[in-house]
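Biologist: Could you take me through the place where the two chains meet, slowly and in plain words? I'm new to this, so one connected story would help.

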Amino acid sequence: MQSSLIRFSRSLAPRWLSIAAGAFLLSMFFLIGNLYSSQVELRQNADARLVSIGEARAAEISDFLSERRQAAVRLAGSEDIANYFSNLDLGMSVRYGLFANLAAIERRFQATLDEEKYQGQLAYLRLAFFDRNGIAQVDVGASSAPTLSPTGNPAEPSIQIDEKRRLIVASAPVLQKGTMRGAVETVSSLNLLASLVSTNDLGQPNEFLLGDDGDVLLPVERERSPIVAHGRALPFPGVRKDRERGTFTRD
Amino acid sequence: MLSKRIVLGSLSGAMAFLFVTSSWAADLAEIKQRGEIRHIGIRYANFVTGAGDGLDVELMQGFAKRIGVSYKLVYSDFYSVIRDLLGKDVVRKDGEVTLTGDYPVKGDVISTGFTMLPWREAILLYSDPVLPSQVLLVAPAESELQPIEDGADLAADIANTRKVIGSKSVLVMERTCLDPTNYGLVNVGIDLKAYNKSANLNEMVPAMLNKEAELTLLDVPDAILDLRKWAGRIKILGPISGRQMLATAFPKDAPALRDEFNAYLSDIKAAGVYDRLVDKYYPGIRRFFPEFFAKTD
């Protein structure tokens, strides 16, 4: 037994170099494999973090849009607008009666315009109440901020992003006993969302808010992004674009 | 004995002085000397709310500050407001206005959404207009009467509104801006019901809804508030009067006080204070009287 072991070790002696090289190669492969898997894991973690930040940002933007839509719904359902239609149904004219209701609506809108803020800036540029014929009965704020005709179902609240004029327009129908009798529109500046797009220490943007065709909505003065030329649509769900007018609509 | 007479004499002299100074309506110099202006107001709409504020309360507080005196609000009602200013009762008969009796003077100025009416102008000095107004005809929401359609001119609107009344009863309040004699509604076959449970114009709509009459008169400042308060329960049928002006009233012998008030009113209009007060207490009145407020904008 002992002699056979001695013979075996003697037979390996001339190949020790090959054996050592093999062992070295194996350990190198192991190390490289380990390093690669660590890099992959790091990259996956970084990607996951970016996705997570992006999702959080998209959620914030989505919340902002929901708030604007809810505000439009709230104004459309206000007591002052209900009173206006009650008195309209009683046959009162604007000159003798409805003027008081319209003034009450105007006062409510003005207070909303003056008081509601987003990160220290006025949340709205303009608030308007339209009758069934689309005629503005109450219109407060910057008249230069245009409202938009609803593109979807006017009986449902909606959000449109006017990319060219950099506006966010929320619309809500005024419903009474199941009948649509008018609409309220709120107009906000798209630039309100600028604070949500982060920059690095040099002020260069780290994040971009993109349209579904890759147009950069924020930061301002950026052209079509090559990064997402074949990327995904707008990062917030449920917003669609009116290609003819360059607007996005949220269902 | 002599000292007792002197004391009694001094006391009666002091009493007489106090009575005289408190019973005189005063002009600007006397008010400045007294150091206090007494504002006679009636709890009515948002002119004098009764809670220590109102359009006229804030106007007069600002005026008191301007002339450097303290401010005192004296409450009155539409039946006795002129008596409280002049110390005389007002009798209107056959188009004549006479002042009778002697009563304590309780204030220096009436400022309470006080309508400028010809018979009042015969016995009072009015300031420049403070606010426009108009008297409207109001019905319960369920009334079969329909509001008039906006006509080409106000005269046509008034005529159409009067036609609407027909045989319906109308609630009115004498000696106020809702006095039917001011608008030719007496002795023309209209069933007038004088509301005399109180002199508070704020009770006209509740009284009508309580079936004390089928219709009521209401002025525009009150209508602005009541259309919100009673939304869906009342409707305005149309105008009963032409445009009226509400102003601050002074005794005839207080022209300097009136002139100073006019200067004050002009200044606060220029400074934007007046507009802020109007928007605070009567939001919407600009829509009703755009021509009046166009001058002040």
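Modeller: Let's start with who takes part: chain A brings 22 residues to the contact, and chain B brings 27 residues. Keep in mind that this is a predicted model. People often describe the size of an interface by the accessible area lost when the parts come together. Here, about 1,900 Å² is buried between chain A and chain B, and carbon and sulfur atoms give 58% of that. On the chain A side, the residues that lose the most area to chain B are L90(A), Y96(A) and F99(A), which together make up 38% of what that side buries.

Now for the charged and polar links. Three salt bridges are counted between chain A and chain B. One of them joins the side chains of R95(A) and D157(B), with 3.0 Å from N to O. There are also six residue pairs in polar contact between the two chains, counting pairs with both residues at pLDDT 80 or more.

Which parts of chain A supply the side that touches chain B? Helices α3 (79-89) and α4 (98-115) and strand β4 (136-141) of chain A each supply at least two residues. Of these, α4(A) gives the most, with eight residues. Sort that whole side of chain A by type and you get ten nonpolar, eight polar and four charged residues.

Let's cross over to chain B and look at its sheet. Five strands of chain B form an open sheet, in the order β10-β9-β11-β8-β12, with mixed pairing. At the edges sit β10 (191-194) and β12 (234-239) of chain B, each pairing on one side only. From one strand to the next, the twist averages 35°. Zoom in on β9 (169-172) and β11 (215-219) of chain B: these strands run parallel and are joined by two bridges. L171(B), for instance, has T216(B) in β11(B) as its bridge partner.

Finally, helix α6 (154-165) of chain B packs on this sheet, where it touches β8 (135-140), β9, β11 and β12 of chain B. The direction of α6(B) makes about 125° with that of β12(B).

Note on methods
Residues numbered from 1 in each chain as written. Chains lettered and ligands numbered in written order. Predicted model: local features only at pLDDT ≥ 70, side-chain atom pairs only at ≥ 80, totals over all residues. Heavy atoms only, no water. Contact = heavy atoms within 4.5 Å. Buried area = accessible area lost by both parts, 1.4 Å probe. Salt bridge = Lys/Arg side-chain N within 4 Å of Asp/Glu carboxyl O. Polar contact = N/O pair within 3.5 Å; in protein donor to acceptor, adjacent residues only side chain to side chain. Helix = DSSP H or I, 4+ residues; strand = E, 2+ residues; numbered from the N terminus. Nonpolar A, V, L, I, M, F, W, Y, C, P; charged D, E, K, R; others polar. Pairing = 2+ DSSP bridges. Axes fitted to C-alpha atoms, helices over the stretch in contact; angles between N-to-C directions.
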